[in-house]
Amino acid sequence: MAMAATSAAGLKVFGTPFLSGNKGTKTLLASSIAGSRVGVVAPRSLVIVAQKKSWIPAVKGGGNFLDPEWLDGSLPGDYGFDPLGLGKDPAFLKWYREAELIHGRWAMAAVVGIFVGQAYSGIPWFEAGADPGAIAPFSFGSLLGTQLILMGWVESKRWVDFFNPESQSVEWATPWSRTAENFNNSTGEQGYPGGKFFDPLSFAGTIQNGEYIPDTEKLERLKLAEIKHARLAMVAMLIFYFEAGQGKTPLGALGF
């Protein structure tokens, strides 16, 4: 009951025309979990559930500590790792997966940026912003304010779309493009929009008669590969932070 009230309150706060796309019907988190909305037929998608693997391969059984009953192997990269039981509630499990995806994608971009940035400039990543040789066309305050506005706009729309899928795919979102066509969710799965804009090279689909058609088998393989790389990148970033605390860099630790 408390969780439903919290979700409803969140939709009330963010339910302005700017964020909700003038849609009258708001979907609570429980409806989001079911993957359906009243009066709207959601795109059909085939979820391939492989045999569930254990995060401790040599151990079988072990109750909910090693083989949680609330993790059925349907999520990409699900190896039954939830010793604290954070995903018992399906609502929180869905949100945690969304958070893991976003943090993992940022971590992958950051790891590449740290290596390339230092290799190019020779400046440690944790000193780059304060280096006298750094070229910044804007003041720190202007840059911070702009980033807060732009990131706040994007993240608030993503947050609302989590509760009310596809509600943010509207024409006025980006006036310079055909938003509804380019930014709609072509796969029907949360966090994996696909389409011409998000999958321009058609790694997880094909273009037929100008229309993007998702390939379920390719998409499932890429989802698994992405979550594995994302988790590795998040661990790498944690190590980078510990190294920075000692004045070391990833390239320095590797002897470069």
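**Helix H5, its core and the salt bridges of a predicted model**

Just after helix H5, Gly 122 adopts a positive phi of about 80°. This is a good place to begin a tour of the structure, which is a predicted model. A positive phi also turns up at Ser 202, a residue other than glycine, where the angle is near 60°. Ser 202 sits in the loop that runs between helix H8 (195-198) and strand E1 (205-208). As background, most residues other than glycine have a negative phi.

For orientation, the chain contains ten helices and two strands. Followed along the sequence, these elements come in the order α-α-α-α-α-α-α-α-β-β-α-α. The chain has 256 residues, of which 29% count as buried. About 16,400 Å² of the chain is exposed, and carbon and sulfur atoms supply 66% of that area. Among contacts with a separation of 6 or more, 56% are between residues 24 or more positions apart.

Helix H5 itself deserves a closer look. Its 32 residues should span 46 Å at 1.5 Å a residue, and this agrees with the model because the C-alpha atoms at its ends are 46 Å apart. At the start of H5, the backbone nitrogen of Ala 91 has a side-chain oxygen of Asp 89 within 2.8 Å. The buried residues of H5 include the charged residues Arg 97, Glu 98 and Glu 100, along with Leu 101, Ile 102 and Gly 104. Ala 107, Val 111 and Ile 114 are also buried, and these three reappear in the largest nonpolar core.

That core has seven residues, the other four being Ala 233, Ala 236, Met 237 and Phe 240. Two or more of its residues come from each of helix H5 (90-121) and helix H9 (216-245). H9 gives the most, with four residues. Such an arrangement fits a broader tendency: in soluble globular proteins, nonpolar side chains tend to be buried together. Met 237 illustrates how the core is joined. Apart from neighbours within four places in sequence, Met 237 is in contact with Ala 107, Ala 110, Val 111 and Ile 114.

Charged side chains come next. Eight salt bridges are present in the structure. One of them joins Glu 155 to Arg 158, with an N to O distance of 2.7 Å. These two residues are three apart in helix H6 (residues 140-163), so about one helical turn separates them. Glu 155 counts as partly exposed because its relative accessibility is 29%, and Arg 158 is likewise partly exposed, at 24%.

Helix H9 offers further examples. Arg 221 and Glu 217 meet in a salt bridge at 3.4 Å, N to O; both belong to H9 and are four residues apart, about one turn of the helix. Arg 221 and Glu 217 are both exposed. Another salt bridge links Glu 220 with Lys 223, whose closest N and O atoms are 3.2 Å apart. Glu 220 and Lys 223 are three residues apart in H9, so they too are separated by about one helical turn. Here the setting is buried: Glu 220 has a relative accessibility of 12%, and Lys 223 has a relative accessible area of 5%. Beyond these pairs, Arg 97, Glu 100 and Arg 231 are joined into one network by salt bridges that share partners.

Key
Residues are numbered from 1 along each chain as its sequence is written. This is a predicted model: local features need pLDDT of at least 70, side-chain atom pairs count only at pLDDT 80 or more; totals for chains, interfaces and linings use all residues. Side-chain values use heavy atoms; hydrogens and water are left out. A nonpolar core is a set of buried Ala, Val, Leu, Ile, Met, Phe, Trp, Tyr and Cys residues joined through side-chain atoms within 4.5 Å. Buried means under 20% relative accessible area, exposed over 50%, partly exposed in between (1.4 Å probe, protein chains only). Contact means heavy atoms within 4.5 Å. The expected span of a helix is 1.5 Å times one less than its number of residues. A polar contact is a pair of N or O atoms within 3.5 Å; within protein, one must be able to donate a hydrogen and the other to accept it, and residues adjacent in sequence count only if both atoms are side-chain atoms. A salt bridge is a side-chain nitrogen of Lys or Arg within 4 Å of a carboxyl oxygen of Asp or Glu. Accessible areas come from the Shrake-Rupley method with a 1.4 Å probe; for residues, only the protein chains shown count as cover.
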